[in-house]
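Hello,

Here is the structure we talked about. Please open it and keep it beside this email while you read.

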Amino acid sequence: DKMAIIQPGSYRACFCTGRPHTCCDADQDFATEILAFVAAGADPGHYMVCEATLDGDARSCKIEGFTGVGLQTGDMLMVQDTVTCGMATGRIAGIPEVMTSRPTQQRDFQMDGSSPRWSGGQ
C-alpha cells in the first residue's frame, strides 16, 4: 500500500517471478527490476547555529556542509519539535519558521576572506 523512505538515496524495487524451483525467500530470487527511483532529502547528523535576539526573535541560522541527495538552491527547511515531521503546531522561539537554502555568498566570510568560526563546530 504505502511506503516510507527514511534515508535519502537511490533505490530499486525488485520482483521475484515465482519460476519453478524459486521460493522467493532469498535476495537473489528478486532479480527482475521493476522500478528505480531516487528519494531526495538531507543526510542526517547536521549541526545548526542560530543568531537570535534576547526576546527570542531569530535573525539567521547556518548549517555548514549541508549534504544530501537531490538538494538544490531554494529548498526549504523547517525545524520542528515533534516526534515525527509534519506534526508541528507553531514555530520554535529563536529559530526562523521556514529557512531557504542558498549557495555560500561573500557576506558569509569575514573581512580577511576566511570562513567565520561558529561555536559548536562545523
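Is Arg-12 buried or exposed? Arg-12 is exposed, and its relative accessible area is 56%. The cut-off for that word is over 50%.

One caution before the rest. This is a predicted model.

**Overall layout**

The chain has 122 residues, and 14% of them are buried. There are 8 strands and 0 helices. Read from the N terminus, the order of elements is β-β-β-β-β-β-β-β.

**The salt bridge**

The structure holds 1 salt bridge. Its partners are the side chains of Arg-12 and Glu-33, at 2.7 Å from N to O. Arg-12 sits in strand 1 (residues 9-15) and Glu-33 in strand 2 (residues 32-39), so the contact ties together parts that are 21 residues apart in sequence. Glu-33 is partly exposed, with a relative accessible area of 43%. That value falls between the limits of 20% and 50%, which is why the label is "partly exposed".

**The aromatic pair**

How many aromatic pairs are there? The count comes to 1. Tyr-11 and Phe-37 form this pair, and it is stacked. The ring centres are 5.7 Å apart, with 25° between the planes. Planes under 30 degrees apart count as stacked, so 25° qualifies. Tyr-11 belongs to strand 1 and Phe-37 to strand 2, so to speak of distant parts of the chain is fair: they are 26 residues apart. Tyr-11 is partly exposed at 27% relative accessibility. Phe-37 is also partly exposed, at 22%.

Strand 1 and strand 2 are thus linked by the salt bridge of Arg-12 and Glu-33, and by the pair of Tyr-11 and Phe-37.

**A nonpolar patch on the surface**

Which residues make the nonpolar surface patch? They are Phe-15, Ile-34 and Leu-35. The patch covers about 300 Å². Phe-15 is in strand 1. Phe-15 counts as partly exposed, at 41% relative accessibility. A patch residue needs over 30%, so Phe-15 passes on that point.

**Two loop residues**

Cys-24 lies in the loop between strand 1 and strand 2. Look at its backbone: phi is near 55°, a positive value in a residue other than glycine. Cys-24 is partly exposed, with a relative accessible area of 29%.

Where is Asp-75? Asp-75 is in the loop between strand 6 (68-69) and strand 7 (76-77). Asp-75 is partly exposed, at 26% relative accessibility. Now find Gly-41, which is 34 residues from Asp-75 along the chain. Their C-alpha atoms are separated by 9.8 Å.

**Cavities**

Rolling a probe the size of a water molecule over the atoms shows where empty space is left. A search of the whole structure finds 2 cavities of 30 Å³ or more. The second largest holds about 30 Å³ of space. What lines the second largest cavity? Its lining is made of Met-78, Val-79, Gly-90, Arg-91, Ile-92, Ile-95, Pro-96 and Glu-97.

**Where to begin**

Start with Arg-12 and Glu-33, the partners in the salt bridge. Then go to the stacked rings of Tyr-11 and Phe-37. Finish at the second largest cavity, where Met-78 and Glu-97 are among the lining residues.

Best wishes

How values were computed: Residues are numbered from 1 along each chain as its sequence is written. This is a predicted model: local features need pLDDT of at least 70, side-chain atom pairs count only at pLDDT 80 or more; totals for chains, interfaces and linings use all residues. Side-chain values use heavy atoms; hydrogens and water are left out. A salt bridge is a side-chain nitrogen of Lys or Arg within 4 Å of a carboxyl oxygen of Asp or Glu. Helices (H or I, at least four residues) and strands (E, at least two) are DSSP runs, numbered from the N terminus. Buried means under 20% relative accessible area, exposed over 50%, partly exposed in between (1.4 Å probe, protein chains only). Patches are made of residues with over 30% relative accessible area and no salt bridge: like charges are joined within 9 Å, nonpolar side chains (Val, Leu, Ile, Met, Phe, Trp, Tyr) within 5 Å. Accessible areas come from the Shrake-Rupley method with a 1.4 Å probe; for residues, only the protein chains shown count as cover. Rings of Phe, Tyr and Trp (its six-membered ring) pair if their centres lie within 6.5 Å; planes under 30 degrees apart count as stacked, over 60 as edge-to-face and the rest as tilted. On a 1 Å grid over the protein atoms alone, a cavity is a set of points where a 1.4 Å probe fits but cannot get out, and a pocket is an open set with protein on both sides within 12 Å along at least five of seven lines; lining residues have an atom within 4 Å of a point. Grid points are joined across faces, edges and corners, and a volume is the space filled by probe spheres set on the points.
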